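The following note sets out points for a colleague who has the sequence and the model at hand. It begins with one side-chain pair and then turns to a second site and to the protein as a whole.

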Amino acid sequence: MGTALEAEEDAVNYYAHSREGRPQAEWQPLEEHLKAVADLAHKFAEPFGSGEWAWNAGWLHDVGKAAHEFQAYLLRENGLDDAEYDGAGGGRVNHSSAGAALAADRLKLPGRILAYLAAGHHAGLPDWYSSDTAHASLSARLPEGRADLARIESQAEAVLSRMQTLLHAPGFVKPDGLHLWMRLLYSSLVDADFLDTEAFMQPTESERRSGFLALPELKKLFDDHMIKKVQGSALTRVNAVRQEILAACREAAFQAPGVFSLTVPTGGGKTLSGMAFALDHALHHGKCRIIYVIPYTSIIEQTAGTLAGIFGRDNVVEHHSNLGPEKETQRSRLASENWDAPVIVTTNVQFFESLYAAKAGRCRKLHNIVNSVVILDEAQLLPPELLTPCVDAMSQLAKNYGATILLSTATQPALPGIGPVREIIPPTANLYDRLRRVEYHVPILQEAVPVAWDALAAELRKHEQVLCVVNTRRDCYDLFNAMPSGTIHLSALMCGRHRSAVIRLIRWRLKKGMPIRVVSTQLVEAGVDIDFPVVYRALAGLDSIAQVAGRCNREGRLNDKGAMGQVYVFVPPKPAPRGLLLKGEGTTRELCALPNFDPQAPESFTNYFRLFYAKVNDTGSRFRDLLVKDAADLHVQFRTAGADFRLIDDQAQRPVIVRYGKSSHLLTQLRFAGPTREIMRQLQRYTVNLPARMVDILLADGRLEEVAPRKSPGIVAQCNLKLYDAKIGLDVYRESLPVEDLMV
């Protein structure tokens, strides 16, 4: 047999990609592309025992490009005329359905798995049923693919001869895990396709994808840093306990891979101890990378900054929406596309939504989660409504794909169904007693009456250094206005750049021992390293109260003087907003009614989460219906599930670009140049999310505007310069607008 895509008598050259302005001799032959993608996809899928499946997908994905219509498209795009292709229609040509039909028809039921991958390698994994996606569903596209296939019959047969036709799924693939396995196959295919195409079309970009330090080199940098840190630290009681925690993490790293928990009170050094575990574990067990998953973009800067200070900015790839271009190199930008780097710092949204995504861009990185160490920071902040699918994905990654999961938190949730979890810190360490740094003052909630903001403000004025955390932006605004001049306001009505500047100011004033009073929403509860002697917290979930307590006497300096930090829980003028906050408040009320309740005891958090999760409507059953119910027949609704799986309801809120710092200059660029990637990344730090209904009102009365409706429809910015206040941010409450109470 000749080459795989050789025509019968009059040989025709088939191409996968052209180069603008270059002769056909410099174009990429189709057979060369198919083989390269098959080889690379095989390499990516081999770690989870699925190399042959990915190999087949590589050969199938672009076989439709052998059609005369596609070859005519390449000629048209390059201004070439060839009589052989006369009569071909204009526009882009579908080339994905032919490979899908070839697999489905010739490889029967296993071929349907490959059909999903081939059909979706550009547009995204399709649904099987028509439902909301109509003609985009796989069942609707296969007849179209058969028509395409009929025009390239000999080329299709040649490709089929290269494939492995006796395919068996790995033994661990059951109906409930089929969708994740197929996504990982899809990830292997689309990343291989992207990389080979890039190597041909943009070789300079391709060459920039290397140069990261390897994990052994990163471990040496880390160990050197920790030695210096210990040598430069005072021999306090807190630092001694931190050393014990670090030692326990290093020892646990040699245990077999699986799911671990690191339950340490706030201020116990979880970030560095968790990274020590991850590095030692990865090197001992041959893991490929460390993925650090953080709940909010608002707190990611601190962790990423700490790691960058140890490993160097070039060796820490941040992948989240709040990343400014000044922190992004060309190499790290490329690595964020597929997570091909030793250390990744990302968000819950990016991590979990990708595990249920259908789009090629979101799924591309998934195969690089295989055989990695995943640190889930602040594990208690997993979205309760989506707890079941999140836990299911983590369980499968640990059980079937060689990932080790580390659940790191001060308030460890009892995650249902995650399987055996090994706690790194033994109960005999008694950390919660040894690291007690605060005294709680909790009112008898059955008898407590709400405290008016004026009365609370009078109480706060008695303290020179005090932090008060409330439940909503509106509460923060109202209490701040009752406070004396010089009080600091901190909420998500302020853009990210503004909040970062305020947090730096808070740290500086605390370090200098200066008077400081801060009124904040819960955005300071996790990941913000500040240390107040006195903290007040509006009644909320026990985990939120404990997290705020972690901002009190954090370094244990008061203990060294024979004192303790003081944490006061109060009942605010109105209850928490309906939803998760109100359910958390109700659960805390239940616990406080129990005899001998200790808000700092680990068993209190176990009881809290057990009661709290029972109150929450977990929507995981919907995703089982879409992805698992008919999986035995390979009827999977990938696209519908991907569109529905959202950790944040981005339909209910809209981002507004505010006038702060250099945002006005960036808005001018946006207005005239349009939404370039660099401009939009920079503007991300100058946005505030508002309810969609509020945005409509502010647009209607002229305080907001669409920046450039023709070039960038839907991008909204502040146009009333008085609307953004240097102390409180976007001052939407001053005008008494009918707005919802918002949590952070």
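**Notes on the predicted model**

1. The side chains of Asp 731 and Tyr 477 are joined by a polar contact of 3.1 Å. The structure discussed here is a predicted model, and the distance should be read accordingly.

2. Asp 731 is found in the segment after strand S21, which covers residues 729-730. Apart from neighbours within four places in sequence, Asp 731 is in contact with Tyr 477 and Leu 723. Tyr 477 is thus both a contact of Asp 731 and its partner in the polar contact.

3. Is Asp 731 buried or exposed? Its relative accessibility is 5%. Because buried means under 20% relative accessible area, Asp 731 counts as buried.

4. A second site worth examining is Arg 250, which belongs to helix H11, residues 237-252. With a relative accessibility of 21%, Arg 250 counts as partly exposed. The class of partly exposed residues lies between the cut-offs of 20% and 50%.

5. Which residues does Arg 250 touch, not counting those up to four places away in sequence? They are Lys 219, Phe 222, Asp 223, Met 226, Ala 276 and Asp 280. With Asp 280, the side chain of Arg 250 also makes a polar contact of 3.0 Å.

6. Arg 250 and Ser 273 are 23 residues apart along the chain, and their C-alpha atoms are separated by 7.9 Å.

7. Turning to the whole protein, the model contains 30 helices and 21 strands. Its radius of gyration is 28 Å, close to the 27 Å that the globule rule gives for 744 residues, so the protein is as compact as a globular protein of that length. Along the principal axes, the C-alpha atoms fill a box of roughly 95 × 60 × 45 Å.

8. Of the 744 residues in the protein, 57% are buried. When contacts between residues at least 6 apart in sequence are considered, 76% of them join residues at least 24 apart.

9. The exposed area of the protein is about 30300 Å², of which carbon and sulfur atoms supply 52%. The protein has 83 positive and 86 negative charges, and the mean positions of these two sets are 7 Å apart.

How values were computed. Residues numbered from 1 in each chain as written. Predicted model: local features only at pLDDT ≥ 70, side-chain atom pairs only at ≥ 80, totals over all residues. Heavy atoms only, no water. Helix = DSSP H or I, 4+ residues; strand = E, 2+ residues; numbered from the N terminus. Rg over C-alpha atoms; globule rule 2.2 N^0.38 Å. Buried < 20%, exposed > 50% of the residue type's maximum accessible area, 1.4 Å probe, protein only. Contact = heavy atoms within 4.5 Å. Areas by Shrake-Rupley, 256 points an atom, 1.4 Å probe, with all protein chains shown as cover. Lys, Arg positive; Asp, Glu negative; His and termini not counted. Charge placed at Lys NZ, Arg CZ, Asp CG, Glu CD. Polar contact = N/O pair within 3.5 Å; in protein donor to acceptor, adjacent residues only side chain to side chain.
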